[in-house]
Amino acid sequence: MATKLFIPGPTEVLPEILAALSGPMMGHRSKKASELQRRISDNLRQVLYTKNEILLSTSSGSGLMEGAVRSCTAKRAAVFSVGAFGKKWFQMAQANGIPSDMFASEHGQPTTPEMVEQALSTGKYDVVTVTHNETSSGIQNPVEEIAEVIKKYPDVIWCVDAVSSAAGSKIETDKLGIDVLITSTQKALALPPGMAICTLSPKAYERTAQVPNRGMYLDLRTLYDFIQKKDYQYSSTPCLSIMYAMDLQLQHILQEGLENRFARHEEMAQFIRAWAAEYFAVFANPNHLSKTLTVISNTRNISVADLNKELIERGMQIGNGYGDLKDKTFRIAHMGELTMEDMKEVTSNIEDILKLK
């Protein structure tokens, strides 16, 4: 039996999108490869609300997160963390010898504009990294408010981790002034894992020239220069199979309509939050909740592992809490191609297994 995934990723992939993975191999230096990768980039610009260049990387989203902080930090990075993945971004900076400081919020609390203002007012930082959507805590950060602070510091490069929110939440990249917006294929884009995506503003590109040791494979400047020179071909062999699937899925997303897609995610989020409040409790700050997954406090002290075992036997799977929140919380994703019918199915099965009614 196939297991329907309600975990934070990978997410469900439509059968026709999976079938597209089996497209014929072609030379990655061919005209057809250029056409494919240019079309993907043009459609991603629509999904991510940007006119800036799109860079693709055969890696997880973490690859371009590391590439961004390494390529853009000439002085010092201020890394804002609301959970495990903000902390991971700080660890990447440290591992690469990049001067950096981490500003962490309590579990379940957002990064606030005041926190960003306090850090940037020191004049110490030329890069800010923010997690838009944190899957460990269920927080979606107020990037619209944070943007108003960062706009006062025109020399600062703003990098945003939107790995688990892009294509599920509306992020107006250019309007917000985001320089590098990063996502990956296996979350709300509803594709198999294996590729990362980012936007690159002209300001961020110019900054990379001031950074001497940007690495090689994940150097944003090298990626940018190569696709300009070689008509959207890449310096290293890309995963063409996922690109076939991405090409078709982006057409599917645009046919659904971006506003319709965001509204569907919002409807699912509201349903799961209401259900969680009725039987358990929503973990994160209610004013800053993720639209692509809900972290639920385990107020009944259930065995999440046993619940998942029963669910898997019924053909579905939810997520346990992450890190320090394991067993203290559990997570239900509502992203990608999942629907309201799926939300009703998984919650009714949990009610039946736990005898909540």
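## Starting at M335

Leaving aside its neighbours within four places in sequence, which residues is M335 in contact with? In this predicted model, M335 is in contact with P8, T11, S164, K187, A188, H265, M268 and T292, once those sequence neighbours are set aside. To find M335, look in the loop between β14 and α13.

Take A188 from that contact list. M335 and A188 are 147 residues apart along the chain, yet their C-alpha atoms are separated by 5.1 Å. Is M335 buried or exposed? With a relative accessible area of 0%, and with under 20% counting as buried, M335 is buried.

## Strand β14, just before the loop

Now step back to β14, the strand on one side of that loop. It's mostly covered: 5 of its 5 residues are buried. T329, R331 and A333 point one way from the strand, while F330 and I332 point the other way. Both sets of residues are buried.

β14 also has pairing partners. Strand β12 (residues 293-297) pairs with β14 in the antiparallel sense over 5 bridges. Go along that pair and you'll see L293 opposite A333, and T294 opposite I332. β13 pairs with β14 too, again in the antiparallel sense, over 2 bridges. Here the bridge partner of G319 is R331 in β14.

## The sheet of 5 strands

Put those pairs into the wider picture and you get an open sheet of 5 strands, in the order β1-β13-β14-β12-β11, with mixed pairing. Why do β1 and β11 (281-282) each have one side without a neighbour in the sheet? These two strands stand at the edges and each has a single partner strand, so one side of each is left without a neighbour there.

Helices lie across this sheet's strands as well. α11 lies across β11, β12 and β14, and runs at about 5° to β12. α12 lies across β13 and β14, and runs at about 165° to β13.

## A look inside α11

A276 is a handy residue to pick out in helix α11. Its relative accessible area is 0%, so A276 is buried. Leaving aside its neighbours within four places in sequence, A276 is in contact with A281, V282 and I296.

How far apart are the C-alpha atoms of A276 and S71? They are separated by 41 Å, and the two residues are 205 apart along the chain.

## Helix α13, just after the loop

On the other side of the M335 loop comes α13. You can check this helix with a little arithmetic: at 1.5 Å a residue, its 15 residues (340-354) should span 21 Å. The C-alpha atoms at its ends are 21 Å apart, which agrees.

Plenty of α13 is tucked away: M340, D342, M343, V346, T347, N349, I350, E351 and I353 are buried. What do the buried residues of α13 pack against? Their partners are β1 (4-6), α11 (258-279), α12 (304-313), β13 (316-320) and β14 (329-333). Just after the helix, K355 takes a positive phi of about 55°.

## The sheet of 7 strands

There's another open sheet to find, this one with 7 strands in the order β2-β10-β9-β8-β5-β3-β4 and mixed pairing. β2 (53-57) and β4 (100-104) stand at its edges, each with a single partner strand, so one side of each has no neighbour in the sheet. From one strand to the next, the twist averages 20°.

Helix α9 (residues 220-229) packs on this sheet, where it touches β2, β9 (180-184) and β10 (196-200). The direction of α9 makes about 110° with that of β2. For one pair of strands to trace, try β3 (residues 77-81) and β5 (residues 127-131): they run parallel and 4 bridges join them. In β5, V127 is the bridge partner of A77.

## A gap inside

How many cavities of 30 Å³ or more are there? The count comes to 1, and the largest cavity has a volume of about 110 Å³. It is lined by 13 residues. Among them, L56, S57, T58, Y217 and S236 lie nearest its centre.

Notes. Residues numbered from 1 in each chain as written. Predicted model: local features only at pLDDT ≥ 70, side-chain atom pairs only at ≥ 80, totals over all residues. Heavy atoms only, no water. Expected span 1.5 Å × (residues − 1). Buried < 20%, exposed > 50% of the residue type's maximum accessible area, 1.4 Å probe, protein only. Contact = heavy atoms within 4.5 Å. Pairing = 2+ DSSP bridges. Axes fitted to C-alpha atoms, helices over the stretch in contact; angles between N-to-C directions. 1 Å grid on protein atoms, 1.4 Å probe; cavity = no way out; pocket = protein on both sides within 12 Å on 5 of 7 lines; lining within 4 Å. Points joined across faces, edges and corners; volume = space filled by probe spheres on them.
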